Amino acid sequence: MSLHRDALAVLEGWSAPSADEELLRGEFLEHLRAHDDAMWRECVPGHLTATTAVLSHDGARVLLTLHPKAGMWLPMGGHCERSDTSLGLVALREAVEESGISGLSLLDGPLALDRHKVWCHPPHSWHLDVEYGAVAPAEAEAVISDESLDLRWFPVDEIPEPSDEATRRLARRARARLATA
């Protein structure tokens, strides 16, 4: 199965937890149907990306990266690559690359959708972000990658500024999903 077909299947089968995300789900599906290259950074109007909230083994803390371009504390995430076969695996790959933690366990997902303006194609384009959660092993030690200014664990309910509501929402949803897993 191609990554494009996987994204269609994931989004067609996902029940959005809010009216706003249901609208986004429809927009993401419309974008996928209109653009054969919707999974790739080269898609000028926007492209799908995957993000992962990495939780501590007990779900109490979330690992965030101080993103060099955004200047905010954000979850791990990024672009799809040609070798990727599913959105879930994109989310997991990005989380491992950016956290340095092997042995992450991906939670059932997606957990959320978000669309945000980026500058991949000036003056701007959109990241159509499909968001997941993952759990780190108990003794996991994060390692800062070259894609981060800093990397720190924060209590899920105490995510610092500068951050955004999408990050807070994803961390809360990942913790709730872990509690029911």
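This briefing describes the overall build of one protein chain and then some of its residues. The model is predicted. Its secondary structure comes to four helices and eight strands. The UniProt annotation, from an unreviewed entry, places "domain: Nudix hydrolase" on residues 45–176.

**Overall build**

- Read from the N terminus, the order of the elements is α-α-β-β-β-β-α-β-β-β-β-α.
- A compact globule of 181 residues would have a radius of gyration near 16 Å, and the protein has 15 Å, so the two agree.
- Along the principal axes, the C-alpha atoms fill a box of roughly 45 × 35 × 30 Å.
- Half of the chain is inside by this count: 50% of the 181 residues count as buried.
- Among contacts with a separation of 6 or more, 68% are between residues 24 or more positions apart.
- Over the annotated stretch, residues 45–176, the chain is 19% helix and 36% strand.
- The end C-alpha atoms of residues 45–176 are 33 Å apart.

**Helices H1 and H3**

- Helix H1 covers residues 3–13, and its buried residues are Leu3, His4, Asp6, Ala7, Leu8, Val10 and Leu11.
- These buried residues of H1 pack against helix H2 (19–34), S1, H3, strand S6 (112–118) and strand S7 (125–135).
- Helix H3 has 13 residues (87–99) and should span 18 Å at 1.5 Å a residue; its end C-alpha atoms are 18 Å apart, so the expectation is met.
- The buried residues in H3 are Leu87, Gly88, Val90, Ala91, Arg93, Glu94, Ala95, Glu98 and Ser99.
- An α-helix has 3.6 residues a turn, so residues three or four places apart point the same way.
- Glycine 100 comes just after H3 and takes a positive phi of about 75°.

**Histidine 47**

- Histidine 47 is part of strand S1, which covers residues 46–55.
- Its relative accessibility is 0%; buried means under 20%, so histidine 47 counts as buried.
- Leaving aside neighbours within four places in sequence, histidine 47 is in contact with several residues, including His31, Trp40, His79, His121, Trp126 and His127.

**Aromatic rings**

- The whole structure holds one aromatic pair.
- The pair is formed by tryptophan 73 and phenylalanine 154, with 4.9 Å centre to centre and 75° between the planes, and it is edge-to-face.
- Tryptophan 73 is in strand S3 (residues 73–74) and phenylalanine 154 is in strand S8 (residues 150–155), so the pair ties together parts that are 81 residues apart in sequence.
- Tryptophan 73 counts as buried at 6% relative accessibility, and phenylalanine 154 is buried with a relative accessible area of 11%.
- Arginine 82 lies over the face of tryptophan 40, 4.2 Å from the ring centre.
- Arginine 115 has its charged end over the ring of tryptophan 126, 5.3 Å from the centre of that ring.

**Aspartate 37**

- Aspartate 37 is in the loop between H2 and S1.
- With a relative accessible area of 31%, aspartate 37 is partly exposed.
- Not counting residues up to four places away in sequence, aspartate 37 touches Glu42 and Cys43.
- Aspartate 37 and aspartate 20 are 17 residues apart along the chain, and their C-alpha atoms are separated by 25 Å.

Conventions. Residues are numbered from 1 along each chain as its sequence is written. This is a predicted model: local features need pLDDT of at least 70, side-chain atom pairs count only at pLDDT 80 or more; totals for chains, interfaces and linings use all residues. Side-chain values use heavy atoms; hydrogens and water are left out. UniProt positions are given in the numbering used here, feature names are shortened, and annotations may be inferred rather than shown by experiment. Helices (H or I, at least four residues) and strands (E, at least two) are DSSP runs, numbered from the N terminus. The expected span of a helix is 1.5 Å times one less than its number of residues. Buried means under 20% relative accessible area, exposed over 50%, partly exposed in between (1.4 Å probe, protein chains only). Contact means heavy atoms within 4.5 Å. Rings of Phe, Tyr and Trp (its six-membered ring) pair if their centres lie within 6.5 Å; planes under 30 degrees apart count as stacked, over 60 as edge-to-face and the rest as tilted. A charge sits over a ring if NZ of Lys or CZ of Arg is within 6 Å of the ring centre and within 35 degrees of the ring normal. The radius of gyration is taken over C-alpha atoms; the globule rule is 2.2 Å times the number of residues to the power 0.38.
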